[in-house]
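Please look through the sequence and the model shown here, and then follow the explanation below.

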Amino acid sequence: MIGNRLLAGVAALSGAMAVGLGAFAAHGAGPAVKTLLTTGAHYQIVHALLALLCAVVAARGRLWTAAGWLAVAGGLVFALALSAIGLLGVRAMGAVAPVGGVLMIAAWILVALAALRPSSRSA
């Protein structure tokens, strides 16, 4: 049973978007844009998978759910910022990409905290 179905659904859609972005990078983007899109797709797919994992174990605590939302949000912000730079030439999005990075880092820190937190259940 999935602990948080909404998070799982959003994570899956984020993963689908990452695959589409990666496919476009591989088959439709010019060389200058390809690197940006590939990097964005890579980080987005990794964090969509992390969010999906967090959704599955969300019943174990709120830290897992928070980590999942941070992961999916960070992956999306990062990938969309790089896409806007590459496809639209919006260089100002270079200031937004690190926000996505910080969200992704925060997600991993919450995963570590959730994983290392002592279990309240007796063995």
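Is N4 buried or exposed? N4 counts as buried because its relative accessibility is 16%, where buried means under 20% relative accessible area, exposed over 50% and partly exposed in between, with a 1.4 Å probe and protein chains only. This is a predicted model, in which local features need pLDDT of at least 70 and side-chain atom pairs count only at pLDDT 80 or more, while totals for chains, interfaces and linings use all residues. Residues are numbered from 1 along each chain as its sequence is written, and side-chain values use heavy atoms, with hydrogens and water left out.

N4 lies in the segment before α1 (5–27), helices being DSSP runs of H or I with at least four residues, numbered from the N terminus. Leaving aside neighbours within four places in sequence, N4 is in contact (heavy atoms within 4.5 Å) with A55, A58, T65 and W69. With the same neighbours left aside for L7, that residue is in contact with A51, C54, A55, T65, G68, W69 and V72.

L7 also belongs to the largest nonpolar core, which has 16 residues; such a core is a set of buried Ala, Val, Leu, Ile, Met, Phe, Trp, Tyr and Cys residues joined through side-chain atoms within 4.5 Å. The members that touch the most others are L7, L50, A51, C54, W64 and V111, and α1, α2, α3 (62–88) and α4 each supply at least two residues of this core. A second, separate core of 7 residues includes L21, L37, A41 and A79.

Finally, where α2 meets α4, Y43, V46, H47, L50 and C54 in α2 are in contact with M104, A107, W108 and V111 in α4.
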